[in-house]
Amino acid sequence: MADVLLSIKGLKTNFYTYTGVVKALDGIDLDIYKGETIGLVGETGCGKSVTALSIIRLIQWPPGKIDEGSITFDGKDLLKLPLRDMQKIRGNNISMIFQEPMNAFNPVYTIGDQIAEVIMLHQKKKKKEAWQDAIEMLKFTGIPAPERVAKSYPHELSGGMLQRSMIAMALSCKPKLLIADEPTTALDVTIEAQILDLMKGLKTTTGASILLITHDLGIIAEMCDRVGVMYAGNIVELADVGSIYKKPSHPYTVGLICAIPTLDTKHCNRLATIPGNVPNLIYPPPGCRFHPRCNKAMDRCSKEKPGWYKVGEGHYVSCFLYEGGDKK
Amino acid sequence: MKLRDYIIRRILLLIPVLIGISFITFFLSHMIGDPAAAWLGEKTIGQEEAVKAIRAAHHLDDPLPIQYFYYLNDLAHFDLGRTGRNEGGRPVIEALKDYFPATLELAILGMGFAIIIGIPLGILSAVFKDKVPDHIVRVLALVGVSMPIFWLGLILKYWFSFKFDIFPLDGRLPYTVLAPPKVTGMYTFDALLAGQFDTFFVALRHAILPSFCLGLITLAILTRMMRSSMLETLTQDFIRTARAKGLSERKVILKHALRNALTPTTTVAGIAFGGLLSGAVMTETIFAWPGIGRFSVKAIGSTDFASIMGFALLIVLFYVLSNLLVDILYVYLDPRVKYG
Amino acid sequence: MDKRFASAIFVVAVLVMAFVLIAGCTSPTPAPTKSFTLVEMTISDPPSLDPGLEYDTACYSNTQNVYETLVWYEGPDVSKPIGLLATSWEHNADFTVWTFKLRPNVTFHDGSAFNASSVKYTFDRGVLMNYPDGPWVGAGISGLLKGGDDWMNSNNTEADAQAYLANEAVKVIDDLTVQFTLSRSYPDWYHVCAFPATAIVSQVFEQSNMPYKYNNWTDTYLKEHMSGTGPFKFVSWAHEDNIQFVRNENYWKTPAKAERVVVRTVPDVNSRVLAFDKGECDISQENLRNLPVFRNSTGADFKIYNDTLIISFIGMYQGNAPFDNVKVRQAFVESFDYETYRTQVGYGYGAFMHGVVPRGLAGFNENIPVLTYNPEHAKQLLQEAGFNKSNPQTIVISFNQGNTGRQTGCLMLKDTVEKYDLGITLDIQELTWATLLDKQKKGELDMFFLGWQADFPTTDNFIGPVLISDVYFAKQVKYKNATIDDLYYNQYFTAKSDAERKQISDQIQMGYLADYPYIVYLQPAAGYAVSKNIKGYQWNVMQSGFMWYDLYK
Ligand SMILES: Nc1ncnc2c1ncn2[C@@H]1O[C@H](COP(=O)(O)OP(=O)(O)OP(=O)(O)O)[C@@H](O)[C@H]1O
Ligand SMILES: [Mg+2]
């Protein structure tokens, strides 16, 4: 397999709130390879965004804090970098686009200003040059009148236009990793398709790796090379996109895939929903966090945390059902 | 709409506002009592002749609406009438010209203090939320809003002037220094205009304690306002975007958060400015500052209607103007806001 | 939060403070003047500086140092008149014609000469301006001059003015002799000529700048400008801020010691005390109620001045019940606790009144008994007058807003009277002047506080307004005693000698005692504060504040 661009090991992020410690990430392990698009799926609150924000260290203290783990990028542990050095990586080597394009831009500055700002910051360019680059970037994302858009304020543009601009801004410093946290959730379907097309094209033109966060398995299928399935602060299954649909292994993944009526459901007993509720992360279930909802739960599931087990080429599951398989 | 058209429209709108205010103050003030009796005071009790003469001279025997008509007619000619005996009966306009600049100067400097100190303190407090600087600032702000001005003024004078001779006790200038040539009537500004820097410093030195005293409550209010709107702004998505771009925390706060957080603070400041102008009596009394507040209290005390009304109209005028200024500032601060 | 940013904010804050302190420290401190500048602080600004228009001590306390009157007094004793701008005077047998010899070689600050026509100009000006609110009308000076009443009652046309002038009430005999013809006998005319409103103004100064008009007092040049013959010259007036004067080097006496005088308006008493203590204030006139504030002052002495021309009293409206009954009036006079009031409100200062003429004047007589507090007797009188529990009644007593001394008086009286348990309720009303006068006129107030500050140190200035049925206060409370009116109008002024006149005034005051028209409770004391290093101050009742000429360091 290709080179590892970024490697997350044992990442634990907690939120110290008044009601208790929210154990949002419970030891995440994830490698992102150069040039790949890796998806992250899971229900609301499972920790996808926290994972993304932890990577660029935008978990705000208080209340959030990365307590354990390492994130290796370019041979450096990002978690140990001084803030100044981290700021040189943000928006430059690793950049991020967010879910709500309407709110993600500062309402009081023009789009062009905001894009030029990041160019000026990381590439030490003069304002005029940076502005020119910004227009280039806007053009690159397929915006029809880039000069006009650059001079517009966020409230003057549509959501799709803003998300394109956001992508332009994120790509303006040619990042090695682009983190996209549900980039299309707030957009209507036709626009969503355009944005996804744009992102698909990006991979080929820029060669950047993409971490695509979504809870839409369809998008994963369309966009990603690999996918990680998250549940309550853990990645429970990690596989190539092909094998995850063919052979979902973790009971949670199975439940997730079977919940989609349009997909091939030969693994499913019935069109199922997963019983029970998302666990409270202040008092998470011991052992495997999924066990209270799992129809195949065993005694030990409530006592020990399962390790990683290999079920196929590049396909790993964190579930005792597969203990026979190779350890990762 | 063009800025100029907007300003013209707003100023034209001022006319009905002023007429409305004149109507209300006119009828309210004429309900208090007999203005002629008020003119006479204790010494001339029972001087029916004098009362009659004064009533006749001032149309006081006409029905109120007719009197109001006389007033409006004069007003249209920029004549606000004559002051009462307290001011020697000189034209109200002249008295306003004498006293208003002094108060305006205090209010501007007081607002300056409030902005220059209050806004950074508010930012500091928000940025260090729930940490020591925040606690200190919040206690100071609480003390600031609840401090009685009278007491504060005397304390300031006692410590900064009497004990440690840093600032003068009171007044606008030492009697040994000539006032700068009158342009605005505000000594600090006039001194600068005339290039008299010595006078400027002396005048500023005189103005610092009273304007601080006057501005303190506003300072505290702006601090609180700035803190809460800053906190609010800091939770916004675009702040996260700014950080994700790799901007330093200083840039995030001073460039991205500040401008957004300033909008509500500006509104409050605009309203507070009118309050500074009309609420300066205490400060003016303690610091022997010859301002409009003392004039208005004297006018009210002697039921001097023309002066009361002149004062009310002027304050309303500046109140509206400062709000207009705020509205114009808004457009600069927030491109989503349009004139209209 | 990065530290650099935090420190940046602190730096801003520190810079602001530093700027403020630098502005405070490094600016040039005004060089202390070597020669002596006298700083007076006052509570309020004068309404204007025209002595002929203002009827106000805040005005006279300034003008009396710039303008001079014909007559003044030797030291504090007003029974010893001396010439100021006059050198001598004489009168005819019935006190209707007075001839004054004037001081030669006196010039006004504008350089013009003082002479008989200056005197004529000043007196005619006062009469002809006919300001209903001013001293010439208010103090009755216009009416004393021949033809003055006719002019005041006329339409004040040019012809009316000429008619008044034709009387030659004020006549220039020669350059340094002037003659007044009065409308009636007035033995105390020379006291009128010591009143600050009659101080001589410069004809040339006013006429060359802005001539006054008959019956038009709204704008006069002298409201904001002064030119007199006195020891100080006017320099400038910043309203509500300060008024400045310099010494008149060409004064006809030795020039004053203070080279310069600054009168600053500092309304807050605590601030004045701080200024005294810091050495920035030399003198101030103070209300007696500020006495406690000055107790801890290190820079000022609080002085008490007892011989004021003031009497304080409570009027009882005799136009209707219950005060149309003399027994009720007597009961209320005996219900006022004079001693306690003086202790509480006057800090133990002030004199009880023997009659209505205060201590220090010719008509004062210690043998006239003071009013006394006698609640038992008062209760009995009220019972006799028909008050009883089963017939509750309310009596309205009012005072002018903010006068805490009078408020205390009301409360004391209420306390006493309601303890009688005769169904009487005292309704205390704190009113603004406007409302108070309005209600008083309509007879809605049963009792009200009054104060009278006389214009001249003359006996008739108290007897007249207080006891004579058609003059101010008596008219106001509807008090009439025909015998007293007759004594006053037909005998007092024409008495052949001072002794005879004194006898008549005694008779009037004794007569009034039986009528109980007022609760005359005090001749209040006045206060003033003087910096410890100021010397030479003295006081007489005709002063409206400090005579700067006397003061030195
Ligand atoms: N600021 C915070 N304070 C407290 N808890 C937080 C905070 N941010 C996230 N969490 C908790 O961390 C967990 C993971 O949240 P996260 O936002 O990563 O979910 P998500 O998978 O992105 O969900 P969604 O699909 O809704 O975006 C949640 O249980 C959430 O309650
Ligand atoms: Mg999320």
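Start by selecting domain 1 of chain B, residues 3-87, and domain 2 of chain B, residues 92-333; these bounds come from an automatic or database domain assignment. Here 28 residues of domain 1 of chain B are in contact with 26 residues of domain 2 of chain B, where contact means heavy atoms within 4.5 Å. Before you go on: this is a predicted model, in which local features need pLDDT of at least 70 and side-chain atom pairs count only at pLDDT 80 or more, while totals for chains, interfaces and linings use all residues. Residues are numbered from 1 along each chain as its sequence is written, chains are lettered from A and ligands numbered from 1 in the order in which they are written, and side-chain values use heavy atoms, with hydrogens and water left out.

Stay with chain B. The two domains bury about 2400 Å² between them, 74% of it on carbon and sulfur atoms; buried area is the accessible area (1.4 Å probe) that two parts lose on being put together, summed over both. Show B:Arg10, B:Leu80 and B:Glu87 as sticks: in domain 1 of chain B they lose the most area to domain 2 of chain B, together 23% of what that side buries. The C-alpha centres of the two domains of chain B lie 31 Å apart.

Keep B:Arg10 on screen and add B:Asp327. The pair forms a salt bridge, with the closest N and O atoms 2.6 Å apart. (The rule asks for a side-chain nitrogen of Lys or Arg within 4 Å of a carboxyl oxygen of Asp or Glu.) Across this interface between domain 1 and domain 2 of chain B the rule finds two salt bridges.

Next, select helix 7 of chain B (149-163) together with helix 10 of chain C (269-277). Helices (H or I, at least four residues) and strands (E, at least two) are DSSP runs, numbered from the N terminus. The axes of these two helices are 11 Å apart and make an angle of about 5°; axes are lines fitted to C-alpha atoms, for helices over the stretch in contact, and angles run from 0 to 180 degrees between N-to-C directions. Helix 7 of chain B and helix 10 of chain C are therefore roughly parallel, a label for angles under 35 degrees. Residues to light up on the chain B side include B:Phe150, B:Leu154 and B:Tyr158, and among those they meet on chain C are C:Asn270 and C:Leu274.

Over to chain C. Colour domain 1 (2-229 + 526-550) and domain 2 (310-522) separately. Their contact takes 17 residues from domain 1 of chain C and 13 residues from domain 2 of chain C. About 1200 Å² is buried between the two, 60% of it on carbon and sulfur atoms, and the salt bridge count is zero. While you're here, zoom in on the peptide bond from C:Ala321 to C:Pro322: it is cis, with omega near 0°. C:Pro322 is in the loop between strand 13 (310-316) and helix 12 (326-333) of chain C.

Last stop, chain A: pick domain 1 (1-93 + 175-328) and domain 2 (107-174). They bury about 1300 Å², of which carbon and sulfur atoms give 69%. In domain 1 of chain A, look for A:Asn92, A:Pro175 and A:Leu198, which lose the most area to domain 2 of chain A, together 35% of what that side buries. Finish on A:Glu182, whose phi is near 45°, a positive value in a residue other than glycine; A:Glu182 lies in the loop between strand 7 (177-181) and helix 8 (189-206) of chain A.

Conventions
Parallel < 35°, antiparallel > 145°, perpendicular 65-115°, else oblique.
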